[in-house]
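Biologist: I am new to protein models and would like a close look at a single part, please. Could you take me through the way the strands pair, step by step?

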Amino acid sequence: MTTVPENHREPFHLLAGAESSPVILHVPHSSRALPASVRDEILLDDDALAAELGHITDSHTAELATAAAGLCAVTPWQFVNRLSRLVIDPERFPDEREEMLAVGMGAVYTRTTHREPLRPEGFDGQPLIDRYFHPYAAAMKAAVADRLETVGRAVIIDVHSYPSEPLPYELHGDGPRPPICLGTNTFHTPPELLALAEQAFGDFGGTGINSPFAGTYVPLEYYGKDARVSALMVEIRRDVYMKEPGGPTGPGLTSLAVALAGLVNALTPPRTLS
């Protein structure tokens, strides 16, 4: 865990890629950093919080995205959350549409991965949504809009990881847990994009679709409306590349970076998606 002053760093960061690249590697859950005021709102002591961060953080996924970007023939863009998802989860709906509210894990979490109290009963998460969620969403929207204006399309690749064994918070944890889970959306994930990902990640022991986690991230302004925005979630089972929970990386990280770079290369000009 890293506790940072309120204005110590930008809460998210856009790393510029090549002007000709439509690809944005989106890394929303890699950080363990918490602003001091957010830490003060959390009920867990330091040891329990460190354990929770080990379970909930997609450790080393920012490192993976950076390594992959460095291997690409045409450098993709990277949009990286620099704060923990315990501040806000930018990939949740910020309202009653979010199914994870059932386990206290909407845009602002009130329960832990083991369904224990994280924040006080009746906690008002709206100030966190106003301060962190909406600016994040606006910046991601702007990044997509820039790719649409410059290249004519945008491809969002969500870079995630998940534990090899289900945690109590998972609503769909009883399904398959393949080494690589590919999250799709019927509107925003063209068949060619899925096929390219299955090919790129075919050497890790198998890929699956939408289990144990489904869907992918698209800014709400484009969601279900603009087919020029394609999206895919890549969920990597953590035992493929790291020691669980929250431990160091292993040799799998390098192989994953090569595979992710291969997917990005297949998505860059002159190739187009149908």
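Modeller: Happy to! Two strands pair if DSSP finds at least two bridges between them. Strands (E, at least two residues) and helices (H or I, at least four) are DSSP runs, numbered from the N terminus. The model is predicted, so to speak of a local feature we need pLDDT of at least 70 and side-chain atom pairs count only at pLDDT 80 or more, while totals for chains, interfaces and linings use all residues. Residues are numbered from 1 along each chain as its sequence is written, and side-chain values use heavy atoms, leaving out hydrogens and water.

Let us begin with the whole sheet. Its 7 strands form an open sheet with mixed pairing, in the order S2-S5-S3-S6-S9-S7-S8. At the edges are S2 (12-15) and S8, each of which pairs on one side only. From one strand to the next, the twist averages 20°.

Now we can step through the sheet pair by pair. S3 and S5 are parallel partners, joined by 4 bridges. To find one of these links, look at His26, whose bridge partner in S5 is Phe79. A helix belongs in this picture too: H6 packs on the sheet and touches S3, S6, S7 (180-183) and S9, where contact means heavy atoms within 4.5 Å. The direction of H6 makes about 165° with that of S6; such angles run from 0 to 180 degrees between N-to-C directions, with axes fitted to C-alpha atoms, for helices over the stretch in contact.

S3 (residues 23-27) also pairs with S6, again in the parallel sense and over 4 bridges. Here Ile24 has Ile156 of S6 as its bridge partner. S6 runs parallel to S9 as well, and 9 bridges join the two. Along that pair you will find His160 opposite Glu235 in S9.

Stay with S6 for a moment. How many of its residues are buried? The count is 9 of 9, where buried means under 20% relative accessible area, exposed over 50%, and partly exposed in between (1.4 Å probe, protein chains only). Follow the side chains and you will see two sets: Ala154, Ile156, Asp158, His160 and Tyr162 point one way, while Val155, Ile157, Val159 and Ser161 point the other way. Both sets are buried.

Finally, look at the loops that leave or reach these strands. Most residues other than glycine have a negative phi, and most peptide bonds are trans. Ahead of S9, the loop from S8 (207-209) holds Pro212, and the peptide bond from Ser211 to Pro212 is cis, with omega near 10°. The loop between S9 and H6 (252-267) holds Pro245, and its bond from Glu244 is cis too, with omega near -15°. Another loop, between S5 (77-81) and H4, contains Arg115. Arg115 is not a glycine, yet its phi is positive, at about 65°. Arg115 is partly exposed, with a relative accessible area of 41%, whereas the residues of S6 are buried.
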